[in-house]
Amino acid sequence: MVLEEISVGITLNRSRHLHRRYKDGRGTHEGTLQPGGWNFPTDVFPKSEFPNHKVRFFVGGCAGFGVTGGVHRLWCHRSYKAKLPLRIILMCCYSIAGQNTIYDWVRDHRIHHKYSETDGDPHNANRGFLYAHVGWLMLRKHPECIKKGRLIDMSDIVSDPVVQFHHKNFVLMKLLFCFILPTFIPWYFFGETFLMSFFSQCFVRYVLSLNFTWLVNSAAHLYGNHPYDKRINPAENRAVSVVAMGEGWHNYHHVFPWDYKAAELGNYSVNVTTFWLDVFSKIGWAYDLKQPSKDLVRRTIEKYGDGTHITARIGHMEEVPAPADS
């Protein structure tokens, strides 16, 4: 928004604040220079109206679903199958999140599960919270991690045309879906100011979205109980589940990584991703949703759990192999 300064004057009051008037396409506005600096017109950084909050929440939710329901549960763990329209939606949503390419994300996450909490793990939580949270993205990978990465089977990802399209157009899609469209749409269609739209989407929403994802690697590997496997670091963390759309039930997830719900217990309020996968399942876009039998979960709890499960009687196990595709 271009602001035209139309007058400057000194307000003759006790504080002797410098007074300015601004003009834009919607009228004339006023601002004053306080002792600490300019108090810009409220039309530049206004109090957000409810519809604009809804837009921000919607964009953040789409970004989260692209990570949790797309790159994580679909492409990384193959916990369900998705038809082309849903895969395209997930690719676009994941682009809003502004993270790495789908290929890189899947490779690193598969390494993480196979070599969790070792030098082969890209974000080894044994190296501390900050390293697992964001430090691993700022430092060179451990040589063992690079070595293990070359052994990961990525043939299914290479053969997926949606993933390959994203890989070839990664920079364009990240700029368009993560920054340009989230800034343009609230400003053009919902009456948000450009500066507020840019700041809330490209800084606040983006930074929060990244940190919510990173909390799964850090907090959910260090804090919480272990009702399914007491010998591994990943833990059940309700707070992480709330902000990461259901990804915080991490002890369960590392035991049954192929469960499309990434959790055994809890409702949709703490696993929003599962809600949307169930919705897409009802219209046939998501299918072959995998999950373990109740008996298998019960026996796992009794044999390996730490006794904190709601139905536990007591008890490291390796990841339970996913059932073969029919």
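These notebook entries record what I looked up in the structure, which is a predicted model.

**Entry one: the nonpolar cores**

I began with the largest nonpolar core and found that it has 37 residues, with Val71, Trp75, Tyr80, Leu86, Leu90, Ile102 and Val106 making the most contacts inside it. I then looked up where its residues come from, and noted that helices H1 (50-76), H2 (84-97), H3 (102-114), H7 (161-168), H8 (170-189) and H13 (272-282) each supply at least two of them. The helix that gives the most is H1, with 10 residues.

Next I followed Trp75 and listed what it touches, leaving aside residues up to four places away in sequence: Gly70, Arg87, Leu90, Met91, Ile102, Val106, Arg110, Asp156, Ile157, Asp160, Val162 and Val163. Apart from the largest core I also found another one, of eight residues, and Tyr228, Val255, Phe256 and Trp258 are among them.

**Entry two: Arg87 and Asp160**

I turned to charged pairs, and a search of the whole structure gave 14 salt bridges. One that I looked up joins the side chains of Arg87 and Asp160, at 3.5 Å from N to O. Arg87 lies in helix H2, whereas Asp160 is in the loop between H6 (155-158) and H7, so this pair ties together parts that are 73 residues apart in sequence. I checked burial for both partners: Arg87 has a relative accessible area of 15% and is buried, and Asp160 is buried as well, at 7%. Both residues also appear in the list of what Trp75 touches.

**Entry three: Asp108 and Lys141**

I then asked which parts of the chain the pair of Asp108 and Lys141 ties together. Their side chains meet in a salt bridge of 2.7 Å, N to O. Asp108 belongs to helix H3 and Lys141 to the loop between helix H4 (129-133) and helix H5 (143-149), so the bridge links parts 33 residues apart in sequence. Asp108 is buried, with a relative accessible area of 7%, while Lys141 is partly exposed, at 30%.

**Entry four: Asp295 and Arg298**

My last pair was Asp295 and Arg298, whose side chains meet in a salt bridge at 2.5 Å, N to O. Both lie in helix H14 (residues 294-304), where they are three residues apart, about one turn of the helix. Asp295 counts as partly exposed at 36% relative accessibility, and Arg298 is also partly exposed, with a relative accessible area of 38%.

I closed by looking for salt bridges that share partners, and noted that these join Asp104, Arg107, Asp108 and Lys141 into one network.

How values were computed: Residues are numbered from 1 along each chain as its sequence is written. This is a predicted model: local features need pLDDT of at least 70, side-chain atom pairs count only at pLDDT 80 or more; totals for chains, interfaces and linings use all residues. Side-chain values use heavy atoms; hydrogens and water are left out. A nonpolar core is a set of buried Ala, Val, Leu, Ile, Met, Phe, Trp, Tyr and Cys residues joined through side-chain atoms within 4.5 Å. Buried means under 20% relative accessible area, exposed over 50%, partly exposed in between (1.4 Å probe, protein chains only). Helices (H or I, at least four residues) and strands (E, at least two) are DSSP runs, numbered from the N terminus. Contact means heavy atoms within 4.5 Å.
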